[in-house]
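Got the viewer open? Let's walk through this one stop at a time, selecting as we go.

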Amino acid sequence: MRARLVAVVLGLFLVLGAGPAHASDAEDRITRYDMWIDVAADGVAQVVLDLDVDFGHQANHGPYLTWQIRQYWDETYDVVSPIRDVRASSPTADATVVTETSGDDLAIRIGSEDRTYTGVHSYRVSFQVEGWV
């Protein structure tokens with residue numbers, strides 16, 4: 001039963017919410033993107049994302065992730081998947097988290113306006129999602 005539930009949640013995640021991480025300029029590259037999703041008995045999903053970002057030679061402040069939190073379902077209903085408790089860490093870069101909701105999306109900015117980085121940096125991002133189950 002748990003395997004079926006995880007498959008359904010992962011399917012919903014891929015269809016409804018997971019905007020891929022993207023680089024903020026042409027030189028940036030995401031070289032690793034590993035995600036784990038654990039669904040608790042109460043239906044809340046704990047998401048952990050490990051990613052490596054190569055900022056190249058042009059300095060950058062950090063990764064920028066976008067997740068869809070509301071999707072049109074029909075004339076009466078939308079699918080709403082609130083994201084909460086967003087955290088980030090990095091052994092080599094500032095991992096300050098700033099979130100901003102814009103329309104149907106949640107933007108997660110990681111880093112600092114006061115610091116920039118070049119080369120490869122690793123990040124772990126975690127958050128909880130309601131409404132997938």
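What is the mean pLDDT of the chain, and what share of its residues reach 70 or more? Colour by confidence and you'll see a predicted model with a mean pLDDT of 83, in which 80% of the residues reach 70 or more.

**Stop 1: the two ends of the confidence scale.** Select residues 2-17, which form helix α1; among the elements of the chain, this helix has the lowest mean pLDDT, at 44. Now select residues 120-129 as well: that's strand β9, whose mean pLDDT of 97 is the highest. Over residues 1-17 the pLDDT is below 50, although this stretch does have 22 contacts in the model beyond near neighbours in sequence. Where pLDDT is low, don't read the predicted coordinates in detail.

**Stop 2: the whole chain.** Zoom out and show it as a cartoon. You should find one helix and nine strands. Trace the elements from the N terminus and the order is α-β-β-β-β-β-β-β-β-β. Of the 133 residues in the chain, 36% are buried. Take the contacts between residues at least 6 apart in sequence: 67% of them join residues at least 24 apart.

**Stop 3: strand β8 and its partners.** Select residues 105-110 for β8, then add residues 64-68 for β3; the two pair in the antiparallel sense over five bridges. Click on Thr66 and look across to β8, where Ala107 stands opposite.

Next, bring in β7, residues 97-102, which also runs antiparallel to β8 and is joined to β8 by six bridges. Which residue of β8 is the bridge partner of Val97? Pick out Ile110 and you have the answer. β7 and β8 make a hairpin with two residues between them, and Gly103 in that turn has a positive phi of about 60°.

**Stop 4: a positive phi that isn't a glycine.** Move to residues 83-89, strand β6, and find Asp85 there. Asp85 has a positive phi of about 55° even though it is not a glycine. Is its side of the story buried or exposed? Asp85 counts as partly exposed because its relative accessibility is 38%, which sits between the 20% and 50% cut-offs.

**Stop 5: Asp54 and its company.** Select residues 45-54 for strand β2, and pick Asp54. At 24% relative accessibility, Asp54 is partly exposed too. Leaving out residues up to four places away in sequence, Asp54 touches Glu27, Asp28, Arg29, Thr31, Gly119 and Val120. Draw a distance line from Asp54 to Asp28: they are 26 residues apart along the chain, yet 5.6 Å separates their C-alpha atoms.

**Stop 6: the largest pocket.** Switch on a surface for the last stop. The largest pocket holds about 260 Å³ of space. Twelve residues line it, and the closest to its centre are His61, Arg109, Gly111, Ser112 and Glu113, so show those as sticks. What is the lining made of? The residues divide into four nonpolar, six polar and two charged.

Conventions:
Residues numbered from 1 in each chain as written. Predicted model: local features only at pLDDT ≥ 70, side-chain atom pairs only at ≥ 80, totals over all residues. Heavy atoms only, no water. Pairing = 2+ DSSP bridges. Helix = DSSP H or I, 4+ residues; strand = E, 2+ residues; numbered from the N terminus. pLDDT = per-residue confidence, 0-100. Contact = heavy atoms within 4.5 Å. 1 Å grid on protein atoms, 1.4 Å probe; cavity = no way out; pocket = protein on both sides within 12 Å on 5 of 7 lines; lining within 4 Å. Points joined across faces, edges and corners; volume = space filled by probe spheres on them. Nonpolar A, V, L, I, M, F, W, Y, C, P; charged D, E, K, R; others polar. Buried < 20%, exposed > 50% of the residue type's maximum accessible area, 1.4 Å probe, protein only.
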